[in-house]
Amino acid sequence: HNYQFPKHFWWGSAASGPQTEGAADREGRKPSIWDYWYTIEPDCFHKGIGPENTSDFYHRYKQDIQLMKETGHNSFRTSIQWSRLIPDGAGEVNPEAVNFYNRVINELIANNIEPFINLYHFDMPMAMQEKGGWECRDVVDAYVDFAKTCFQLFGDRVNYWFTFNEPIVPVEAGYLYQLHYPKIVDFKRAAQVAHHTIVAHAKAVEVFKNLRIDGKIGIILNLTPSYPRSQDPEDVQAARVADLFFNRSFLDPVTKGRYPEELIEILRDRELLPVVEPGDLETIRENPIDLLGVNYYQPRRVKKKEEILPEGAAFMPEHLFDPYIMPGRKINPHRGWEICEEVIFDIMIDLRDNYGNLPFFISENGMGVEGEAKFRNAEGYIEDHYRIEFIQNHLKWVHKGLLEGANCLGYHLWTFMDNWSWTNAYKNRYGLVEVDLDNHLKRTIKKSGRWYKQLSENNGF
Ligand code: BGP
């Protein structure tokens, strides 16, 4: 094989509880902000499918774990829904949820699939959002209790833990761009949410260490490296600022234990610094992660700010730069995202050189495609050759990064089976396995899923 990967490389995929489980109001679960969002933003949903049904992993997990085996998984990430385990966010633990997550974890292990467990995938329990969500200190404490409960219940079997998936997304989407509840536009509140999320993360890491759980703990960040339009110093500075806002804001505190000085200065100058309680910065400093998950989909291309802003406009990060679409780039027509495989290599080298070569893995990468059913062949499965190419083209660069000494431990695709997505429901499909919404959610392995098994068995391609 041309591209051989290191021994024990993780091959698998990522998913999340809210996007796959369904059974949203069953067996003690209470609403998260997504169940509520669905009632106020029905246009976001495809064929009326929302978080309450999704792919029904809650009832079909056994069959699905067999499909994971058939698609070569040696590891799989999902998340525990806070609103299932502790339905009110704080207080009583739901025994049905303990039972369910125990069954899932045990079934994965019995099938030689290493469970990777994430604790927060955008899914604030509604009861906690009503208290103020991540703006509220009590919610930070409640999250830490939830994390502790998870470590105590499942820590004897789960070796890889993650505190958050893409923590910047709820900050941006909920407090700047109105794509998630609570749909607010206020940078200062966004900054507060970001700081509280980082404190919650660091406290959870601290609890994990104090409990002496035998395992690794980390966080999953979506890194969007920023590239300037040109070498014009103003473009270069614009790209640097975008990088500070969208990447280093989380990457630095969770790895180096401190916020980037330059970012603090930008916020201080504009009186946008969040409230920091005594002890917060120490907690962040003393609890670096063991392992980083990197979700990579697309780069960010920027240029200096060209348009003059109306006076008094509320501050947004974009007031310091403009987005830029590089002519002639490959774009995924379904999702509108640029496809640029070599950026994955740049991330690997950045982590090698600027972050002490800390261990990481590609925790999400994938291609969302609309209308895949038209690629169904005579044998009844979807021939998604484009997805195989997409994965191969990224893996070539992962392989190159490994040769250059980057500390990459695995590759997880987004995602295992088609699932419900936050703002487009089932429109764009990402799975190795098709879920047929018109035929009782029937699962069928796509061509990419068959290929993925070969990839994993050969440990390369
Ligand atoms: C990531 C999220 C996933 C998933 C994926 C695909 O940001 O961690 O939960 O949704 O993106 O994006 P989308 O579903 O918006 O097309």
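Here is a short back-and-forth about the predicted model shown above.

Reader: Before I trust any of this, what pLDDT does the chain average?

Author: This is a predicted model, where local features need pLDDT of at least 70, side-chain atom pairs count only at pLDDT 80 or more, and totals for chains, interfaces and linings use all residues. Residues are numbered from 1 along each chain as its sequence is written. The model scores ipTM 0.97 and pTM 0.97. On pLDDT (the predictor's confidence in each residue, from 0 to 100), 99% of the residues score at least 70, and the chain average is 96.

Reader: Okay, the ligand: how many residues surround it, and which are the closest?

Author: A residue makes the list if its C-beta atom, placed from the backbone, lies within 6 Å of the molecule. That gives 14 residues, and the closest are Glu 166, Gly 368, Trp 414, Ser 421 and Asn 428.

Reader: How many nonpolar, polar and charged residues does that shell have?

Author: The classes are simple: Ala, Val, Leu, Ile, Met, Phe, Trp, Tyr, Cys and Pro count as nonpolar, Asp, Glu, Lys and Arg as charged, and the others, Gly among them, as polar. On that split, the shell around the ligand has two nonpolar, nine polar and three charged residues.

Reader: Which residue does UniProt list for "active site"?

Author: The entry is unreviewed, and such annotations may be inferred rather than shown by experiment; feature names are shortened and positions use the numbering here. The listed residue sits in strand S10, residues 360–364 (strands, E, at least two residues, and helices, H or I, at least four, are DSSP runs numbered from the N terminus). UniProt's pick is Glu 364.

Reader: Is Glu 364 buried or exposed?

Author: The test counts other C-beta atoms, placed from the backbone, within 10 Å of the residue's own: 20 or more is buried, 12 or fewer exposed, and in between partly exposed. Glu 364 has 23 of them, so the verdict is buried. The strand fits that picture, as five of the five residues of S10 are buried.

Reader: Which residues is Glu 364 in contact with, leaving aside neighbours within four places in sequence?

Author: Contact here means C-beta atoms, placed from the backbone, within 7 Å. By that rule Glu 364 has these partners: Ala 14, Asn 295, His 412 and Trp 414.

Reader: And which strands pair with S10?

Author: Two strands pair if DSSP finds at least two bridges between them. Strand S7 (residues 291–295) is joined to S10 by four bridges and runs parallel, with Leu 292 opposite Phe 360. On Phe 360 there is also Cys 408 of S12 standing opposite, and S10 pairs with S12 (residues 408–414) in the parallel sense over two bridges. The names you want are S7 and S12.

Reader: There's also an open sheet with the order S6-S8-S9; which strands stand at the edges, and why is one side of each left without a neighbour?

Author: That open sheet has three strands, with mixed pairing. Each edge strand has a single partner strand, so one side is left without a neighbour in the sheet: those are S6 (226–228) and S9 (322–323).

Reader: What about Arg 77: buried or exposed?

Author: Arg 77 is found in strand S2, residues 75–79. Its contacts beyond four places in sequence include Ala 14, Ser 363 and His 412. With 28 other C-beta atoms within 10 Å, Arg 77 is buried.

Conventions. Two residues are in contact if their C-beta atoms, placed from the backbone, lie within 7 Å.
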